[in-house]
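Reader: I am new to this structure and would like to learn how to read its features one at a time. Could you take me through them slowly?

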Amino acid sequence: MRTALRTCPLCDAVCGLKLTLDDTGRVTSVKGDPDDPFSKGFICPKGASLGNLDADPDRLRVPLIRKDGEWHEATWEEAFERVDQGLKDVIATHGRESVAAFFGNPTFHTMAGPLYRGALSQALGTRNIYSASTIDQMPKHVACGYMVGDPLAISVPDIDRTDFLLILGANPVESNGSLCSAPDFPGRLKDLRRRGGKVVVVDPRRTRTAAAADEHLFVRPGTDAFLLFGMVHTLLAEGLTTIDIEVNGLDELRHLAQEFTPERVAPVCGVAAEDIARVARQLAAARTAAVYTRIGTCTAEFGTLNQWLVDVLNILTGNFDRPGGVMFTQTATFGPPKPSEPYKTGSWHSRVRGLPESLGELPVATLADEIETPGEGQVRALVAVAGNPVVSAPGGPRLAGALESLDFMVCVDPYLNETTRYADVILPPPRIMQMPHYDFLLLTVTVRNYTRFSPPVVPLEPGQLSEAEIMAKLTLIASGAGADADPSSLDEMMLAGILGGATQTPGSPYEGMDPAELRASLEGDSGVELILDAFLRLGPYGLTLADLRANPHGIDLGALRPRLPEMLFTASGRVELAPPVLVADVSRLHDRLAEPPAEMLLIGRRQLRSLNSWLHNVETLVGGSNQCTLHINPEDVARLGLGEHALVRSASGELVVPVEPNDAIMPGVVSLPHGWGHAGIPQRVASQNAGVNANTLTDESVVDVLSGNAVFNGVPVTLTPAAV
Ligand SMILES: Nc1nc2c(c(=O)[nH]1)N[C@H]1C(S)=C(S)[C@@H](COP(=O)(O)OP(=O)(O)OC[C@H]3O[C@@H](n4cnc5c(=O)[nH]c(N)nc54)[C@H](O)[C@@H]3O)O[C@H]1N2
Ligand SMILES: Nc1nc2c(c(=O)[nH]1)N[C@H]1C(S)=C(S)[C@@H](COP(=O)(O)OP(=O)(O)OC[C@H]3O[C@@H](n4cnc5c(=O)[nH]c(N)nc54)[C@H](O)[C@@H]3O)O[C@H]1N2
Ligand code: SF4
Ligand SMILES: [Mo]
């Protein structure tokens with residue numbers, strides 16, 4: 001028996017864990033690490049099941065190759081040769097543009113994801129790059145890009161110090177937060193209220209977060225932009241603004257907000273005009289306040305306008321980049337280069353639907369179009385890393401058919417699942433316990449400045465590849481170096497690039513130094529650790545990997561500090577309140593004012609013991625309250641004469657689902673969790689708890705126009721009784 005410490009890699013909360021392992025390397029218990037200065041011993045049921053997930057007998061241990069419809073275990077050499085041949089054939093026949101890549105949610109959580117995604121995309125030489133960002137947070141990037149000039153400059157609510165927290169479209173008591181890393185979010189909300197602060201939640205469901213708040217307001221799905229505009233209107237009309245940063249565009253904003261009076265928007269969003277005005281006044285009156293929003297307003301038809309208006313509220317009330325308001329994290333690592341030109345989307349457009357590129361990628365909502373539509377540039381091959389788009393992307397079943405038609409597909413994934421079943425080759429990453437862990441991305445959105453590194457708990461077996469080595473091999477294959485290229489050669493190239501750049505950058509701690517000498521001074525047991533060491537040394541705290549190893553519970557780097565104007569990259573050098581691209585989209589909102597709402601609207605629902613599509617094969621995480629059911633208000637059940645099951649129809653598909661009457665949901669709204677629909681896969685527990693794929697109903701033809709982001713919330717549906 002021994003104990004080990006590591007960060008939980010599952011969700012954005014980055015909890016520190018304390019593990020017990022037996023002498024075979026099996027995890028026998030998982031507890032919260034009480035000595036982690038950030039998570040202080042917090043753990044959720046998913047983290048507590050990490051040992052079971054790690055030991056899941058259905059996880060793939062060796063590569064699989066599909067031949068004539070049958071799966072065969074293969075050596076790494078055979079698998080990479082097959083990948084080399086498969087990609088070569090497609091590129092030779094159809095060109096590089098015919099290869100697409102998809103990077104799924106776990107690439108935000110692994111070390112290999114953030115470090116090799118760019119290199120692999122570049123080596124593939126295609127503009128058909130897709131990721132979970134366009135089924136998640138792309139509207140946030142676009143809004144930040146146009147407002148502060150940097151799409152990665154995402155502010156987080158300073159929840160430990162705020163006096164008033166307005167939450168729209170997020171349920172952090174169950175999701176544990178997102179684009180806002182705050183372990184024990186529920187405890188932090190309790191503390192907020194204990195010190196006299198207020199929490200208001202706007203959500204079409206009375207969620208566990210709403211139940212833990214001072215006030216909850218139902219909002220009709222998809223209409224937050226109206227509500228937010230109504231609040232902006234109130235602040236401006238009543239002279240309640242206290243702008244204390246340099247801004248541009250206030251007059252334009254005032255002009256735009258004029259028509260969106262609380263009275264005008266109230267019938268659209270279903271929130272009373274007096275409530276809209278009152279919450280706006282409370283926000284202005286609070287000593288400090290923060291408005292926070294996530295999936296409910298991002299994966300929505302006006303996703304980017306929502307993100308923009310949320311920050312407009314933070315700015316108008318003097319809470320942007322202020323303690324107790326929303327603030328920018330100062331992470332320990334040196335980040336990507338800062339923008340050198342004004343931010344814009346649409347550097348290229350998708351071939352079939354003309355949807356704009358943003359952050360170098362295209363919307364997943366159009367991947368099926370790109371595969372199915374013949375012509376120059378048609379996608380014929382896919383490299384999918386840590387993603388299950390058949391379950392997680394809008395119009396999932398259609399995408400399944402499209403994947404089946406590809407000439408070649410390779411997946412990096414530990415499971416044979418709804419998506420990887422269409423691959424020709426599956427390359428499995430090692431067990432979770434065999435991976436080093438550092439949250440390059442999540443540590444940029446922590447509510448305190450904090451850092452923690454976890455070395456692998458269990459070593460790789462002889463001949464086994466790390467995820468970084470798999471990604472490096474794919475990159476080298478894509479660049480034409482062949483199946484037997486040495487993965488460490490890519491790491492050395494990346495290190496040379498990082499160190500070479502730093503020695504030539506004025507003001508860098510490495511300016512004018514010798515890159516070879518610097519390379520020799522780096523420490524780490526693998527390429528990713530060496531790169532991490534370099535990024536830490538170049539980072540704002542001058543830490544080293546050795547420092548992090550010496551502090552295995554993590555290091556608290558202090559409360560967030562104001563960071564403007566250092567974070568600003570707009571052409572004007574001010575924060576833009578009315579960027580022209582966003583302003584132009586207001587006409588779409590304006591048109592919607594006159595349209596009658598659909599009778600029933602579908603929204604999603606995250607469940608405490610699920611994590612998107614891939615934890616349902618763990619016994620301790622399925623069953624009980626974790627079921628794929630349709631939440632519906634009892635009023636609607638009676639009105640529609642529904643029994644135990646309902647047939648739900650949308651513009652893109654239909655499903656028969658178990659009905660779960662629930663008075664916590666607004667009448668006229670139904671909620672179905674995503675991530676289910678596991679029929680026909682070899683995972684033993686998941687296939688017994690299959691559920692249905694919610695993305696059968698979501699419509700890939702409808703996106704947030706500015707970001708191309710998928711719309712999962714506010715999908716018009718009709719319901720009829722169904723017999724099963
Ligand atoms: N209807 C609806 N759909 C949604 C959402 C919604 O709210 N409603 N939410 C959306 C959001 S926010 C997101 S982020 C997406 C997520 O959707 P995806 O990005 O597709 O991610 P997951 O469903 O989590 O699938 C993760 C895949 O990665 C694999 N995996 C797990 N760990 C590792 C690892 O360490 N390495 C590798 N290589 N693979 C690994 C898993 O086996 C699984 O196949 O779903 C979106 N889909
Ligand atoms: N347990 C668990 N935790 C997770 C995940 C998980 O699958 N399970 N997934 C992780 C991922 S990938 C992400 S991105 C985060 C997401 O983190 P959150 O955004 O906190 O997650 P959700 O539970 O989807 O919260 C969205 C809320 O928006 C509400 N909503 C729906 N439509 C609307 C609308 O039109 N307006 C408003 N105002 N509200 C609306 C929904 O009822 C729901 O309560 O969670 C992460 N953490
Ligand atoms: S809240 Fe997230 S990070 Fe913390 S233990 Fe649960 S799954 Fe892991
Ligand atoms: Mo997500």
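Author: Let us begin with a pair of strands, keeping in mind that this is a predicted model. Strands of a sheet pair through backbone hydrogen bonds, either parallel or antiparallel. Here strand E21 (residues 600–603) and strand E25 (residues 669–671) run parallel and are joined by three bridges, and Ile-603 stands opposite Ser-671 in E25.

Reader: Of what closed arrangement are E21 and E25 a part, and in what order do its strands run?

Author: They belong to a closed barrel of six strands with mixed pairing, which runs E21-E25-E22-E24-E23-E28. From one strand to the next, the twist averages 45°.

Reader: Turning to the ligands, which residues come nearest to ligand 2?

Author: A shell is read by asking which residues surround the molecule. Around ligand 2 there are 31 residues, of which Ser-175, Asp-203, Gly-222, Asp-224 and Ser-610 come nearest; by class, the shell divides into 11 nonpolar, 12 polar and eight charged residues. A backbone N or O atom of Gln-607 lies 2.8 Å from a nitrogen atom of ligand 2, while for Val-202 the corresponding distance from a backbone N or O atom to a nitrogen atom of the ligand is 3.1 Å. The protein covers 98% of the 910 Å² of accessible area that ligand 2 has on its own.

Reader: Why is ligand 2 said to lie between two domains?

Author: Domain 3 (138–329 + 569–589) and domain 5 (598–722) both give residues to its shell, so ligand 2 lies between them. Among the elements, helix H6 gives the most to this shell, with three residues.

Methods
Residues are numbered from 1 along each chain as its sequence is written. Chains are lettered from A and ligands numbered from 1 in the order in which they are written. This is a predicted model: local features need pLDDT of at least 70, side-chain atom pairs count only at pLDDT 80 or more; totals for chains, interfaces and linings use all residues. Side-chain values use heavy atoms; hydrogens and water are left out. Two strands pair if DSSP finds at least two bridges between them. Helices (H or I, at least four residues) and strands (E, at least two) are DSSP runs, numbered from the N terminus. Axes are lines fitted to C-alpha atoms, for helices over the stretch in contact, and angles run from 0 to 180 degrees between N-to-C directions. A residue is near a molecule or strand if one of its heavy atoms lies within 4 Å of it. A polar contact is a pair of N or O atoms within 3.5 Å; within protein, one must be able to donate a hydrogen and the other to accept it, and residues adjacent in sequence count only if both atoms are side-chain atoms. Accessible areas come from the Shrake-Rupley method with a 1.4 Å probe; for residues, only the protein chains shown count as cover. Ala, Val, Leu, Ile, Met, Phe, Trp, Tyr, Cys and Pro count as nonpolar, Asp, Glu, Lys and Arg as charged, and the others, Gly among them, as polar. Domain bounds come from an automatic or database domain assignment.
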